[in-house]
Structures are given as C-alpha cells and as structure tokens.
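Welcome! Below are some exercises to work through with the structure open beside you. Try each task before reading its solution.

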Amino acid sequence: MSNITIRKVRAILTAPVGINLIIVKVETSEPGLYGLGCATFAYREKAVKSIVEDYFAPLLHGRDAGDIEGLWQLMNNNSYWRNGPVTNNAISGVDMALWDIKGKLANMPVYDLLGGRSRPAAAVYRHADGKTLEEIAENVQKFREQKVQHIRIQWGGYGGKTDELNKPVGAPDGIYYDPKQYMRDTLKLFDYIRSHMGFEFELLHDTHERVTPVDAVRLAKELEPYKLFFLEDILSPEQGEWFKMVRSQCATPIANGELYNNPKEWDFLITNRLIDFIRVHISQIGGITPARKLAIFCEQFGIRTAWHGPGDVSPVGHAANIHLDLVCHNFGIQEWSGIRELSQEVFPGSPELRDGYVYANDRPGLGIDINEELAAKYPCKTEATRWTQTRIPDGTINTP
Ligand code: MG
C-alpha cells in the first residue's frame with residue numbers, strides 16, 4: 001500500500017515524426033508525482049484514447065497507485081471480454097505509468113524494481129534495406145562501422161521489391177507483391193551478403209507473414225546455410241501449429257510474436273520449444289507486468305526475448321523495452337529503429353544508442369518525460385491505413 005491515489009488518467013496523442021503515438025499520463029494525489037506509459041496502437045489511436053479516458057479514468061480514480069498487479073487484473077477483467085489489441089494497449093499505458101510512479105516513489109529505476117540488472121546495456125539489431133544488392137551491402141557496412149554486430153537485411157521492404165506484376169482487370173488498389181519472387185530474391189540477397197561480406201557478423205530477416213505456411217517451411221530450410229541469428233514472423237499467429245513442421249526440418253532460429261495479443265497464441269510455442277525468440281510488442285500484450293511474466297516463462301524453456309522495437313513504439317515504450325532487457329537473464333536482442341532528434345526533444349530522457357548497445361538512464365522510474373507543449377504541435381492524423389492493404393498479384397488481400 002502506498003497511500004498515494006490515482007487522481008487523473010489521460011491519453012496524450014502526438015506524432016512528432018508522422019507516426020501516431022499514444023502516451024498515458026497517470027497523475028496522483030502527491031503533487032508533481034505522475035507516471036507515463038506507452039499505449040501506442042498507431043492505427044486505432046482514437047479507440048485507445050477512448051478506453052483510457054472514458055472507461056479507465058473513472059474505474060481507477062481514487063485507487064491506490066501502488067497496487068499494480070491488482071489494477072492490471074481489474075483493467076483486464078473489467079470489460080468482461082479480454083485480450084484484444086485496443087484494450088491491451090490502454091492497459092499497457094496505465095501499467096507502465098504505474099511502474100514509472102513506483103520507481104519514482106522508491107527512487108529507483110524500473111530495472112532495479114524488477115530485480116536488478118543482468119547487463120549494463122542491451123545489444124541491438126538495426127535494419128538494412130535497399131533497392132539493389134550493392135546498396136544493401138553498403139548499408140550493412142555502415143552499420144558494421146558503427147559497431148553494430150546484428151543486422152536485419154531486406155531487399156525492397158516487406159514482401160520484397162516488385163517487378164511488373166500481371167494483375168487481373170479490376171484488381172483493387174493496394175500494396176502489391178509477389179510471394180514467389182520475394183522468396184527467390186531473399187535467397188539471392190543472403191547469398192550475396194554472405195559471399196561478399198563473410199560470416200563474422202549476425203544476419204536477421206523479417207518475413208512479415210508474406211508467404212504461405214508450406215513456403216515458410218521451405219524458406220526456413222533454404223536459408224539454413226546462411227546461419228541467421230533469427231528468421232522472423234514466417235507464420236501468422238493463426239498458423240502457429242506449422243512451426244512444428246519448421247522445427248522438425250531445419251535449425252534456422254525462429255523469432256515470432258509482434259502480432260500476439262492473447263497468451264493462448266504463445267504458450268504452446270514455448271512449452272513445445274517451437275520458437276527461439278519471443279518478440280511481442282509489449283504494449284500489445286498489456287505492458288511491463290505481463291511482459292516480465294512472459295520473459296520468466298520463456299526462460300524456463302530456453303527461449304530468449306527480442307521485444308518488438310519499431311517506429312510505432314513510442315520512446316516511452318522503447319524505455320520500457322530497455323528496462324526489461326537489462327533485467328531478464330534470457331534477453332536475446334533488442335530491435336532498434338532509432339529515435340529521431342525531434343522525438344528526443346518531445347521525450348527527454350529517451351534511451352540512447354552507443355556502439356551497438358542501447359542504454360537506459362539511471363533516473364527513477366522509466367527515466368523518461370514528455371514535453372506536452374511540444375507534443376501538441378504534432379497532432380496525430382486519423383486516416384485509412386494504406387500500408388496494411390497488402391495484396392498478392394491476383395488481387396487477394398494478404399496479412400501485412
Ligand atoms: Mg517484424
């Protein structure tokens with residue numbers, strides 16, 4: 001019991017670099033004591049704001065800000081139906097903010113509250129892409145010169161580059177790609193990079209669920225000679241049973257999970273040791289509280305963490321990732337898409353990358369703040385999301 005109660009819960013929407021971010025601010029009965037959490041569901045920002053302000057604010061008002069576990073369970077059960085992405089993000093915003101508050105009260109960084117560090121910084125992987133093989137190799141080289149040891153390579157973005165496609169008359173508007181061409185090109189890419197740059201550094205790749213399940217099995221097998229650090233999202237959450245086929249046929253390390261919302265999407269993958277890295281998007285599963293439990297669960301089965309770290313995680317969310325990375329014994333790698341200068345101004349105290357490692361600061365709580373005046377200058381845009389309108393050549397919509 002902290003004797004400090006929740007006074008105000010609100011969502012702050014901001015898009016400093018053009019990506020919608022949702023931050024939850026929880027204010028307390030103690031003047032000046034507040035916490036911040038990431039609730040970023042970039043493509044449904046108004047829905048998350050409504051859950052936070054119309055439902056959670058009255059539910060939480062006057063309750064003890066120290067009761068994180070009890071309040072997490074209250075928020076999770078209060079809507080009766082559970083485990084959806086909108087509600088999970090709203091829960092995450094409050095959950096992280098309560099950890100931030102507890103850290104400030106204890107005068108400790110969140111990593112200390114969670115048990116203390118296993119390591120001083122988190123190793124990251126960066127993204128190298130390009131239109132040609134030579135351009136990708138140059139981008140890989142730039143990261144290597146920055147002492148980044150783990151590099152994800154893609155040729156032309158998710159689903160690959162697209163040559164002229166033969167589409168039927170009346171094919172709807174969308175982002176088109178050819179899964180078969182993507183697979184052929186990906187093999188050429190790995191062959192090129194390994195034959196020109198060697199094996200003395202780690203390569204990763206994100207399939208983004210762009211192939212059929214049996215092609216996922218084939219791709220994992222065909223990539224095996226290139227010794228990947230991991231192959232990511234070859235199967236959607238709906239097709240997780242296919243991982244048994246992948247596992248029985250090759251030793252390409254498998255990372256999955258940025259789409260997961262519900263523990264039933266991951267528990268059988270862990271207990272059957274069908275993946276090597278769990279890479280959930282922490283706000284999508286409800287914040288630090290469930291992520292710490294998930295990491296401990298994975299540790300028992302030899303599975304490491306690789307939390308999702310794209311541009312549509314706020315700097316507050318990145319800070320939460322790093323605090324967990326520092327603590328979890330079974331940390332594997334941290335995806336790092338970078339935090340641009342303007343975002344750092346909006347979010348003072350953002351984690352910092354140096355020589356292939358990202359560092360948290362040692363301030364109490366999550367160690368990060370928001371400049372609300374500056375944030376207000378960059379409003380979110382609500383529009384129909386285009387990049388998720390992914391289609392294969394005959395016009396069929398595909399998971400993005
Ligand atoms: Mg991914």
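Two strands pair if DSSP finds at least two bridges between them. Helices (H or I, at least four residues) and strands (E, at least two) are DSSP runs, numbered from the N terminus. This is a predicted model, in which local features need pLDDT of at least 70 and side-chain atom pairs count only at pLDDT 80 or more, while totals for chains, interfaces and linings use all residues. Residues are numbered from 1 along each chain as its sequence is written, and side-chain values use heavy atoms, with hydrogens and water left out.

**Exercise 1.** Work out the strand order of the sheet that holds strand 1, and find which residue stands opposite Lys8.

*Solution.*
- Step 1: The sheet is open, has 3 strands in the order 1-2-3, and its pairing is antiparallel.
- Step 2: Strand 1 (6-14) and strand 3 (34-38) each have a single partner strand, so each has one side without a neighbour in the sheet.
- Step 3: From one strand to the next, the twist averages 20 degrees. (Axes are lines fitted to C-alpha atoms, for helices over the stretch in contact, and angles run from 0 to 180 degrees between N-to-C directions.)
- Step 4: Strand 2 (residues 21-28) is joined to strand 1 by 8 bridges, and Glu27 in strand 2 stands opposite Lys8.

**Exercise 2.** Find the helices that lie across this sheet.

*Solution.*
- Step 1: Strand 1 and strand 2 have helix 1 lying across them, at about 175 degrees to strand 1.
- Step 2: Helix 12 (residues 315-327) lies across strand 2 and strand 3, at about 90 degrees to strand 3.

**Exercise 3.** Describe how helix 3 packs against helix 1 and against helix 2. Two packed helices are described by the angle between their axes and the distance between the axes.

*Solution.*
- Step 1: The axes of helix 1 (residues 45-60) and helix 3 (residues 85-106) are 9 Å apart, at an angle of about 55 degrees. The two are therefore oblique to each other. (Angles under 35 degrees count as roughly parallel, over 145 as roughly antiparallel, 65 to 115 as roughly perpendicular and the rest as oblique.)
- Step 2: Look for the contacts (heavy atoms within 4.5 Å). Residues of helix 1 including Ile51 and Phe56 meet residues of helix 3, among them Ile91 and Val94. This contact has 10 nonpolar residues, 2 polar and no charged. (Ala, Val, Leu, Ile, Met, Phe, Trp, Tyr, Cys and Pro count as nonpolar, Asp, Glu, Lys and Arg as charged, and the others, Gly among them, as polar.)
- Step 3: Helix 2 and helix 3 have axes that come within 10 Å and cross at roughly 170 degrees, and they are therefore roughly antiparallel.
- Step 4: Here the contact includes Leu71 and Trp72 of helix 2, with Ile91 and Trp99 among the residues of helix 3. Its residues divide into 8 nonpolar, 1 polar and 2 charged.

**Exercise 4.** Which parts does the salt bridge of Glu69 and Lys293 tie together?

*Solution.*
- Step 1: Side chains of opposite charge can pair when their charged atoms come close. A salt bridge is a side-chain nitrogen of Lys or Arg within 4 Å of a carboxyl oxygen of Asp or Glu.
- Step 2: The structure holds 20 salt bridges; in one of them, Glu69 meets Lys293 at 2.8 Å, N to O.
- Step 3: Glu69 is in helix 2 (residues 68-78) and Lys293 in helix 11 (residues 288-299), so the pair ties together parts 224 residues apart in sequence.
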